[in-house]
Each structure stands twice: as structure tokens, then as C-alpha cells.
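User: Hi! Could you walk me through the aromatic side chains in this one?
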Amino acid sequence: MDYQSPSVMMITIVTNKRLPLLGKLQGENIILTELGQKVAEEIKRIPTYNGAESIEIYSYVIMPDHVHMIIYIFDEY
């Protein structure tokens with residue numbers, strides 16, 4: 001993989017020891033904890049971070065103990 005070319009990437013981030021810190025499943029829905037809500041807010045802000053202007057968040061899912069994101073990096077770096 002050429003990591004210096006524009007590309008779409010799937011990223012998974014897991015909590016320490018896979019503790020369910022981000023939310024709780026209720027049926028097919030997840031009820032985010034306060035920390036999970038903060039994570040969602042920060043994910044949405046990533047393109048505004050200094051140096052991250054060329055990142056677009058296509059999609060993300062927050063689970064109780066991990067986060068999946070599909071991002072597009074559209075500028076060469």
C-alpha cells in the first residue's frame with residue numbers, strides 16, 4: 001500500500017482492556033455514555049484539526065468498547 005497517495009482507510013480504535021466505556025447496547029441501538037458522546041463530537045471535529053484539513057470522515061460507528069471509522073485522505077502528504 002502506498003500510504004502517501006490519497007486513499008480510503010478503515011480504522012478501528014479499541015478501549016483499554018476492551019472495557020465498555022463508550023456505550024451500552026439496547027437491542028439494535030447503542031446508548032452512548034458521556035465519554036462516547038465526547039468521542040462522537042471529536043470524530044466530527046477531526047477535519048478541523050490543524051494538519052487534518054485533507055481528511056474527510058465518511059462514516060463511523062461507536063460500539064461499547066471500540067470505534068470504527070472510514071476516512072478519506074484526499075491530499076498527498
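User: Let's begin with Phe74: is Phe74 buried or exposed?
Analyst: In between: Phe74 has a relative accessible area of 36%, so Phe74 counts as partly exposed. Buried means under 20% relative accessible area, exposed over 50%, and partly exposed lies in between (1.4 Å probe, protein chains only). Bear in mind that this is a predicted model, where local features need pLDDT of at least 70, side-chain atom pairs count only at pLDDT 80 or more, and totals for chains, interfaces and linings use all residues. Residues are numbered from 1 along each chain as its sequence is written, and side-chain values use heavy atoms, with hydrogens and water left out.

User: Thanks! How many aromatic pairs are there in the whole structure?
Analyst: A search of the whole structure gives 2. Tyr58 and Tyr72 are stacked, at 5.8 Å centre to centre with 20° between the planes. Rings of Phe, Tyr and Trp (its six-membered ring) pair if their centres lie within 6.5 Å; planes under 30 degrees apart count as stacked, over 60 as edge-to-face and the rest as tilted.

User: Which strands does that pair connect?
Analyst: Tyr58 is in strand β4 and Tyr72 in strand β5 (residues 66-73), so the pair ties together parts that are 14 residues apart in sequence. Strand β4 covers residues 55-62. Helices (H or I, at least four residues) and strands (E, at least two) are DSSP runs, numbered from the N terminus.

User: And what about Tyr72 and Phe74?
Analyst: Those two form a tilted pair, 5.8 Å centre to centre and 35° between the planes. Tyr58, Tyr72 and Phe74 make up one aromatic cluster.
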